[in-house]
Amino acid sequence: MLKATDVIKQLVRAIPGLGLIGTRPAQEVIYQNLFMRDLENIGIRDEFYPVGYAANYSLMYLILRIYRENAVKRVVELGAGQSTLLLDALSNALYEANIITIEHDRSWAEKMRTLVRHKVYCAPLKRFSDKIGTYTGYDFSSIDFPDQIDFLLIDGPISGPSELKFSRHGAMEIIDRLDSEGFAIVIDDAERMGEAILARRVCDHLSSRGVKFHVRHVYSSKKQIVIASGRMSSVAFY
């Protein structure tokens, strides 16, 4: 049996364009302009703060365009913040979707509940053990997920060194909930190795199920990896 470190090395070697992992901060102003233009066209007041550790402009642009152009029905967001506020504003301005946000920090989850209309769950972190080793991630046991998910946003829980390096790999537990007719996955902070390996794992799992999909890397002050399939395949070309 392969050790976790050997599995990680194999996954790293399998990541296309590994040398391109990084950011391109100069691109951020382009996504900012597109995001602000589309907000104005939709009639949403720009009260967002895509700075610091919050969602950056390329992520906000992706969320807005995915929601606007694809009639998403069931959205699952991992990690609460500026993206949560945007999803709620889009649901109010364009059309209502079934949106759930999952956050591990209780005080932050409680604050977000006062700011949005959709369901915000507080899910504690638990220990996972799988082929890449032991890490902490969301405990989904109390979450009332929709039957199928057509838009999955992976931007939590917090990531960092040691057991938090792979904290977002807990999302593998819900990949099989993706809509068979089409879906879009956005993995934020993909300039980090943990998130890049997660994207590789998701792609490998989908391939093992015979799912056809497209992948795009979006570079700005941060990096996102987009995985899209079926009726939402065009998202991979945004």
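This section walks through strand 7, a buried aspartate, the cysteines and the pockets of a predicted model.

Strand 7 is a good place to start. Spanning residues 182–187, the strand is mostly covered, with six of its six residues buried. Its side chains split between two directions: Gly 182, Ala 184 and Val 186 point one way, while Phe 183, Ile 185 and Ile 187 point the other way, and all are buried. Strand 7 also has partners. Strand 6 (residues 151–154) runs parallel to strand 7 and is joined to it by four bridges; within this pairing, Leu 152 has Ile 185 as its bridge partner. Strand 9 (residues 223–230), on the other hand, runs antiparallel to strand 7, and six bridges hook the two up. Here Ile 187 of strand 7 sits opposite Ile 225 in strand 9.

Away from the strands, Asp 38 deserves a look. This residue belongs to helix 2, which covers residues 28–42. With a relative accessible area of just 6%, Asp 38 counts as buried, because the cut-off for that label is under 20%. Setting aside neighbours within four places in sequence, Asp 38 is in contact with Leu 64 and Arg 68.

The cysteines come next. Cys 122 has a relative accessibility of 15% and so falls in the buried class, which takes in anything under 20%. Cys 203 is buried too, at a relative accessible area of 7%. As for disulfides, a search of the whole structure turns up zero.

That leaves the pockets. The largest pocket holds about 490 Å³ of space. Its lining runs to 25 residues, and those nearest the centre are Tyr 53, Ala 54, Asp 155, Ile 158 and Arg 168. Sorted by class, this lining is a fairly mixed bag, with eight nonpolar, eight polar and nine charged residues.

The second largest pocket contains about 180 Å³ of space. Its walls are made up of Ile 44, Arg 45, Glu 47, Phe 48, Leu 85, Asp 88, Ala 89, Asn 92, Leu 115 and Val 116. By class, the lining of the second largest pocket comes out as six nonpolar residues, three charged and one polar.

Note on methods:
Residues are numbered from 1 along each chain as its sequence is written. This is a predicted model: local features need pLDDT of at least 70, side-chain atom pairs count only at pLDDT 80 or more; totals for chains, interfaces and linings use all residues. Side-chain values use heavy atoms; hydrogens and water are left out. A disulfide is a pair of cysteine sulfur atoms within 2.5 Å. Buried means under 20% relative accessible area, exposed over 50%, partly exposed in between (1.4 Å probe, protein chains only). On a 1 Å grid over the protein atoms alone, a cavity is a set of points where a 1.4 Å probe fits but cannot get out, and a pocket is an open set with protein on both sides within 12 Å along at least five of seven lines; lining residues have an atom within 4 Å of a point. Grid points are joined across faces, edges and corners, and a volume is the space filled by probe spheres set on the points. Ala, Val, Leu, Ile, Met, Phe, Trp, Tyr, Cys and Pro count as nonpolar, Asp, Glu, Lys and Arg as charged, and the others, Gly among them, as polar. Contact means heavy atoms within 4.5 Å. Two strands pair if DSSP finds at least two bridges between them.
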